[in-house]
Amino acid sequence: MSGLFAQVLNGLQYGLLLFLISSGLTLVFGVMGVINLAHGSLFMIGAYLAFVIARWSGSLWLALPAAIAGGILFGALLERTLFRRFRTREHLDQVLLTFALILLFEEARSMLLGNDFHSVPVPAALDFSVPVTADFAYSAYRLAVLALCVLVAALMFLALERTRMGSAVRAAAEKPEMVELLGLDARRIHTLVFALGTALAMLAGALAAPLQSVYPGMGDKFLIISFVVVVVGGVGSVAGAFWGALLIGLVDTLGKAYLPELAGLAVYMLMAAVLLWRPSGLFARGA
Amino acid sequence: MRQSAALPISRRGLAGLAAGAALAGAFPPRPALAQGAPLRVGLMLPFSGTFAALGENIAAAIELHLAERGGRMGGRAVQLIRLDDESNPANAVQNVNRLLGRERAEVLIGTVHSGVVMALVQAARERGVPLIIPNAGNASATRELCAPTIFRTSFTNWQPAYGMGLALGREGVRRAAWVTWDYAAGNEAGEGFREGLRASGGEVVRELKLPFPETNFQPLLAQIPGLEVQAVGSFFAGGGAVQFVREYAAAGLKERIPLTGSGFLTEGVLAAQGAAAEGIRTALHYGDGLDNPKNNAFRAAFRERTGREADVYAVQGYDAAQLLGIGMDAARGDVSAEREWVRAMRAARIDSPRGAFTLSPSHNPVQNIYLREARGGQNRVVGIAAEALADPGTGCRMA
């Protein structure tokens, strides 16, 4: 029983991290109609940024604001220079663009930082463990990541529900054609959404660096699983991404723990079931 | 580090070698054994990238032994040709061809990475070139892909893990779990751990695996308390080993269920693991504080020559050079006298810093696997886990 509790905690923690990554992916897809395959590379860039900053400053704390600020700037730059031009192009063109970006980012990482596997130390202040069950403890850093993800999710919902810009983004995600009719500046919304998505993915990478270590191609797995989250939750829905991410996190973790033979398959079986039952996702508009 | 057994290597023997040389002309004829023509030994090792330090220590130890012999083997001066394989399997075949072609190497020593070593194994099988492997532990090189001209002075992944399992069973461990990356090296080690533990009365009740090189250990660790095991065995190396040892301690498991493993779990990474590694026991064919005259002399000489402390990789390199010296002395420096040097090397008793060892019928060391305990940044030898342990060499048929 206590084992189950620890695994549920693992699943929630994994799911919340997935939410940070997939919320950006679903918004970019919903608002701009762009399939961004390079989203996993943004996660990797955030993790490597944390690694470099932690090594240079001796502390991970600086990496978190750096990932957010750097993500906003980098995301805005990418949107203004590249993604804007591909918004109305066919999906195949977008796939080619974002696949090229994956190759570019990986090559740049290889040239600047090499292909080695690096571990990133946990901040000293959180380098202790808290017993969560009679026979299993949780590192304080892991619990801090869990709390921080909940905080970011709460701030996001607050911003989306309670601010003018938030409602504009929601409107754009649900009915892109409404934005122009309402006299909103679509270009500003696109830049904002893409910058926010990039910052969230890079923040997730920075938070995950001490938990996962950093290594080449570390974003690939997260890209695929994030697409599963988006499909399960419903394209363009942040609430869908939230519940979808928690569901996938729990199914994946509990699957690995209790049905190891099906571990790799469990989340895809879930996705298939959702597609059959509610083809546009659990939280899709009009579903 | 992909599975090696998939490589479709056929042994064509000397006829193929002759035909290939005649056809392509890519390989210049062997230099005549004129007096004074140096023996060209190709060192294919990583001198850059993750494993650069390992390659440097292997090469330095080979140079050390050569210097002790006055730079000669079998009456010929020896010329070492270094080639950086970057631990990149994609360039491995090309690098081997360069050593045997343009660089006219007559003997090959290499390498660290178990994917790259397959190109060397292939060359040794197809062209009859003498090959000594100073690290890569993939079992296949001395099992199903073994050949008369292939020798190894390091270990198979099976060996240290077998020793660890055997030692645990002897201490009364009846139930243990095994944790590793799901790839060739991890699975070969897992087989060793299981067989060693079984040989001394215990059982591996659960294998927990995750894809290489993922480090999301948490779902695996949370299962361990419920397994009611008395010990955990593991195979990880490098950054993954650092992460795993730290998370095992952070999960509060270390005090209740001892973590053990193949020696690479704590080899060269103790500083990064810090207090989390303290007290962890591992098994390997070498360790710190091994007190024998040969080891003490070797360590002093290595320190004087390089300014660094010797490690297991240096020992493996040193012994590769010793083994080659024995073979070349027997053949009086004539590499084409395959029968002579193979016979001498097979029968060799290597006076190694790890303790003297001989070679098994499949050309892998029959060696002590030491039990070590991590203490104060060192892997101190505390006993012998398995004495004179040979790899089973399953599937090896020497033609």
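Let me start with Tyr183(B), which is buried, with a relative accessible area of 5%. Please keep in mind that we are looking at a predicted model. Its partner is another matter: Phe212(B) has a relative accessible area of 36% and counts as partly exposed.

I should say how these two fit into the wider aromatic picture. Over all chains, the structure holds 24 aromatic pairs. One of them sits in chain A, so let me take you there for a moment. Phe19(A) and Phe157(A) have ring centres 6.4 Å apart and planes at 15°, so they count as stacked. Phe19(A) belongs to helix α1, residues 2–32 of chain A, and Phe157(A) to helix α5, residues 140–162 of that chain, so this pair ties together parts 138 residues apart in sequence. How accessible is Phe19(A), buried or exposed? With a relative accessible area of 1%, Phe19(A) is buried. Phe157(A), at 24% relative accessibility, is partly exposed, because buried would require a value under 20%.

Now back to chain B and our opening residue. Tyr183(B) and Phe212(B) are stacked as well, at 4.6 Å centre to centre with 10° between the planes. And where do they sit in the chain? Tyr183(B) is in the loop between β7 (175–181) and α6 (184–199), while Phe212(B) is in the loop between β8 (203–210) and α7 (218–221). The two are 29 residues apart, and the pair links distant parts of the chain. Both also belong to one aromatic cluster in chain B, whose members include Trp181(B), Phe217(B), Phe235(B), Phe236(B), Phe244(B) and Tyr248(B).

Next, please find Leu168(B) for me. Look for helix α5 of chain B, residues 158–170, and you will have it. Leu168(B) is buried, since its relative accessible area is 2%. Which residues does Leu168(B) contact, leaving aside neighbours within four places in sequence? Those are Val173(B), Phe193(B), Leu197(B), Ala231(B), Thr260(B) and Arg281(B). If you would like a sense of distance, the C-alpha atom of Leu168(B) is 29 Å from that of Lys294(B), and 126 residues separate the two along the chain.

One more residue, and this one is in a loop. Ser87(B) lies between β3 (76–84) and α3 (92–100) of chain B. Despite being a loop residue, Ser87(B) is buried, with a relative accessible area of 15%. Setting aside neighbours within four places in sequence, Ser87(B) has contacts with Pro46(B), Phe51(B), His113(B) and Val116(B).

Let me finish by zooming out to the whole of chain B. You can count 12 helices and 15 strands in it. For 399 residues, a compact globule would have a radius of gyration near 21 Å, and chain B has 21 Å, so the two agree. Along the principal axes, the C-alpha atoms fill a box of roughly 70 × 45 × 35 Å. Of the residues in chain B, 59% count as buried. Among contacts with a separation of 6 or more, 68% are between residues 24 or more positions apart.

And the surface of chain B? The accessible area comes to about 14600 Å², and carbon and sulfur atoms account for 50% of that. As for charge, chain B has 42 positive and 37 negative charges, and their mean positions are 4 Å apart. That is my tour, and thank you all for listening.

Note on methods: Residues numbered from 1 in each chain as written. Chains lettered and ligands numbered in written order. Predicted model: local features only at pLDDT ≥ 70, side-chain atom pairs only at ≥ 80, totals over all residues. Heavy atoms only, no water. Helix = DSSP H or I, 4+ residues; strand = E, 2+ residues; numbered from the N terminus. Rg over C-alpha atoms; globule rule 2.2 N^0.38 Å. Buried < 20%, exposed > 50% of the residue type's maximum accessible area, 1.4 Å probe, protein only. Contact = heavy atoms within 4.5 Å. Areas by Shrake-Rupley, 256 points an atom, 1.4 Å probe, with all protein chains shown as cover. Lys, Arg positive; Asp, Glu negative; His and termini not counted. Charge placed at Lys NZ, Arg CZ, Asp CG, Glu CD. Phe/Tyr/Trp six-rings, centres within 6.5 Å; stacked < 30°, edge-to-face > 60°.
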